[in-house]
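Welcome! Here is a friendly tour of one structure, told through a handful of its side chains. Take a look at it first, then read on.

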Amino acid sequence: MENEKKIMRILIQMQNDDLNDADELADYAAKAKMAGDEQVAQKIAARAKERTAHYAEDEKMFRDYVEKMKSAGDNAPESVQGQCLAMMLEAQRDRYHMVRSKIESM
């Protein structure tokens, strides 16, 4: 069970990294746009979109891992810890949509 927790932690950290990077890139794109260079802003925004795509891939990988644990008979995903992870993922998903909205508004 300890190794499974480590894997889930890694996958969640990857999602956080993707969201943090996308958010920072969106801010850089906005600054480039305000500085008057639309072309640079669009290139940076495209990189931000790539990072949000990585987030979606990471989320699928996490969900697949949880399903694998369930099918192996491990009840961790249904435990209090599992519920906390689900809430954390929901909060990340909300942030994902906020970051995507920021990027799309450019």
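## Starting with aspartate 23

Is aspartate 23 buried or exposed? This is a predicted model, and in it aspartate 23 has a relative accessibility of 15%, so it counts as buried, the cut-off for buried being under 20%. You will find aspartate 23 in helix α1, which covers residues 2-34.

Who keeps aspartate 23 company? Beyond its neighbours within four places in sequence, aspartate 23 is in contact with Arg95, Met98, Val99 and Lys102. With lysine 102 there is a polar contact between the two side chains, at 2.6 Å.

## Aspartate 18 and its partner

Helix α1 also holds aspartate 18. Its relative accessibility is 5%, so aspartate 18 is counted as buried. If residues up to four places away in sequence are set aside, aspartate 18 touches Arg51, His54, Tyr55 and Asp58.

One of these contacts deserves a closer look: the side chains of arginine 51 and aspartate 18 form a salt bridge, with 2.7 Å from N to O. Because arginine 51 sits in helix α2 and aspartate 18 in helix α1, this pair ties together parts that lie 33 residues apart in sequence. Arginine 51 itself is partly exposed, as its relative accessible area is 22%.

## A pair of rings

How many aromatic pairs does a search of the whole structure find? The search turns up 1. It is formed by tyrosine 55 and tyrosine 96, whose ring centres are 4.9 Å apart and whose planes meet at 20°, so the pair is stacked. Tyrosine 55 belongs to helix α2 (residues 38-71) and tyrosine 96 to helix α3 (residues 80-104), so the rings tie together parts 41 residues apart in sequence.

Both rings belong to buried residues: tyrosine 55 has a relative accessibility of 1%, and tyrosine 96 has a relative accessible area of 16%.

## More salt bridges

The structure has 10 salt bridges, including one between the side chains of lysine 60 and aspartate 64, at 2.7 Å from N to O. These two residues are both in helix α2, 4 residues apart, or about one turn of the helix. Lysine 60 is exposed, with a relative accessible area of 52%, while aspartate 64 is partly exposed at 40%.

In helix α3, glutamate 104 and arginine 100 are likewise 4 residues apart, about one turn of the helix, and their side chains meet in a salt bridge of 3.0 Å, N to O. Glutamate 104 is partly exposed, with a relative accessible area of 44%, and arginine 100 is partly exposed at 24%. Elsewhere, salt bridges with shared partners link Asp23, Asp27, Arg95 and Lys102 into one network.

Methods. Residues are numbered from 1 along each chain as its sequence is written. This is a predicted model: local features need pLDDT of at least 70, side-chain atom pairs count only at pLDDT 80 or more; totals for chains, interfaces and linings use all residues. Side-chain values use heavy atoms; hydrogens and water are left out. Buried means under 20% relative accessible area, exposed over 50%, partly exposed in between (1.4 Å probe, protein chains only). A polar contact is a pair of N or O atoms within 3.5 Å; within protein, one must be able to donate a hydrogen and the other to accept it, and residues adjacent in sequence count only if both atoms are side-chain atoms. Contact means heavy atoms within 4.5 Å. Rings of Phe, Tyr and Trp (its six-membered ring) pair if their centres lie within 6.5 Å; planes under 30 degrees apart count as stacked, over 60 as edge-to-face and the rest as tilted. A salt bridge is a side-chain nitrogen of Lys or Arg within 4 Å of a carboxyl oxygen of Asp or Glu.
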